[in-house]
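Visitor: Could you take me on a close look at the buried interior of this protein? I am in my first year, so please go step by step.

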Amino acid sequence: MKKTLVLLSVAGLLAMSACSNDGAAGFNGDIQQIPSTDEIQILNQDESDAMARMEDFSSVLFNTAAEHYQEVFTDADGNMLMSPLSAAMALAMKANICDDATAGKIARLVGYDNIDAVNSAYSKIIPNLCLKNSGATMSIANSVWYNSDFSINPEFASDINKNYYGEVTGLDFSAIEAKDIIRSWCALKTGNLINDMAPNVNRETLVLLANAFYFSANWDSAFDKSLTVDRDFAGTKKTVSVPMMHKDMRECLNYSETDRARIVTLPFQGAHTMTLVLPKDGISSDELSRGISFSALKEEATPVFANLHIDLPRFTATADIDLMTVLSHLGIPQFSMLSNMGIERISQTEILHKTSISTDENGIEMGAATVVKEDNILPGPQEHPDPEEINITFDRPFIFFITDHNSGLTLMAGRICNL
């Protein structure tokens, strides 16, 4: 029988405003709590440079999933949804358990030179994502369960706690209640958004890593519910009638264009935005998904001073992804040694990723689970030409991504093809 490594990263983005972790059996030190503060942790130059490269990973992950869509998504209805932040954080924890060669590949993929740099950065990134008065509600939790038949390297447990504020616990994976423990943890840490995560663990399972991410935010300016009307959305499968929300934004810089897309940036209260990308005529959402760069899009698009009239469908979408397949196309091996954790065994990695998103007139609610995250600066007072009148209706497939501007990281990205 072959030993199996399962990594579980749960990202649930919804509506509580604390980052917290429970105490953990199996770790001899005090559990390091995520600091509850309004002060941003300052990254050094190397960490800041690596943050930019980590954002490149977000785009590459999205592009690769789009390219191998039929192979990756369980319900291939055209829609895409994934959390690059959760995937990157789960991978970073995985790098702490495997052999140096695999750890190096993971570190370079997520934007760092080595695993020590990854760990140092996350020890600051996690508190920065969880600032008390960020305007949104965010909670992050990390956990590691290891096979209780083995002893682990105490330095590994210390690194997970110190850098990821995580708990490390021994577990009998052959016990009937093992799946319930994992499922309950996921449900608790995601406000019950992810309540069906039950990986197939058994006595051959060596370790399971979990990252939980929970977020919600209100629009900076809500959509007027009285203006929501049913309108057609021309999906890739069929045209359906959906509730279409409407908002007018006067004398703003929230609209931009490239030669391939029309772009709207909608702010939430605080330090987060949702960027909506509507392909121009003759360009499909699939084609754009395969080549889009979130960071380049922000740099290339020139804001237009406009009176913006936006129509956006109220939508809910879910996705179930074989994330290991995506990562294998990016050079991450499915088999590795767990030497850094102190378990001298070869493991086979399985990584599943569940996500959900819901928007309405008030704001957004998102959740994700993975089994193995630009400053819009308005110019000062100056003379402007008369604002352009721009109407944009998202009544056909479009792409979106959610950005945390304190860190610059992409929390969630998706494509809506059918409603």
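Guide: Happy to! Let's start with the whole chain: of the 419 residues in the protein, 59% are buried. Keep in mind that this is a predicted model. The fold holds 10 helices and 19 strands. On the outside, the accessible surface comes to about 16600 Å², and carbon and sulfur atoms account for 45% of that surface.

Now let's step inside. The largest nonpolar core is made of 118 residues, and Y122, F398 and F400 are those with the most contacts inside it. Take F400 and look around it: leaving aside residues up to four places away in sequence, F400 touches L81, M274, T275, L276, F315, I357, A413, G414, R415 and I416. There is also a second, separate core, which has 14 residues, A141, F173, C186 and L208 among them. As a general background, nonpolar side chains in soluble globular proteins tend to be buried together.

Let's stay with L208 for a moment. You will find L208 in strand β6, which covers residues 205–218. L208 counts as buried because its relative accessible area is 0%, and the cut-off for buried is under 20%. Try tracing the chain from here to N147: L208 and N147 are 61 residues apart in sequence, yet their C-alpha atoms are 8.6 Å apart in space.

Another leucine worth finding is L327, in helix α10, residues 323–328. With a relative accessible area of 1%, L327 is buried too. Not counting residues up to four places away in sequence, L327 touches L61, L91, L109, I332 and I351. Its C-alpha atom is 9.9 Å from that of A87, although L327 and A87 are 240 residues apart along the chain.

Finally, how far can you trust the picture? The mean pLDDT of the protein is 82, and 88% of the residues reach 70 or more. Confidence is highest in strand β7 (residues 229–234), at a mean of 96, and lowest in strand β2 (residues 9–13), at 46. Over residues 1–5 the pLDDT is below 50, and this stretch has 25 contacts in the model beyond near neighbours in sequence. Residues 11–31 also stay under 50, and the model gives them 91 contacts beyond four places in sequence. Where pLDDT is low, the predicted coordinates should not be read in detail.

Notes:
Residues are numbered from 1 along each chain as its sequence is written. This is a predicted model: local features need pLDDT of at least 70, side-chain atom pairs count only at pLDDT 80 or more; totals for chains, interfaces and linings use all residues. Side-chain values use heavy atoms; hydrogens and water are left out. A nonpolar core is a set of buried Ala, Val, Leu, Ile, Met, Phe, Trp, Tyr and Cys residues joined through side-chain atoms within 4.5 Å. Buried means under 20% relative accessible area, exposed over 50%, partly exposed in between (1.4 Å probe, protein chains only). Contact means heavy atoms within 4.5 Å. Helices (H or I, at least four residues) and strands (E, at least two) are DSSP runs, numbered from the N terminus. Accessible areas come from the Shrake-Rupley method with a 1.4 Å probe; for residues, only the protein chains shown count as cover. pLDDT is the predictor's confidence in each residue, from 0 to 100.
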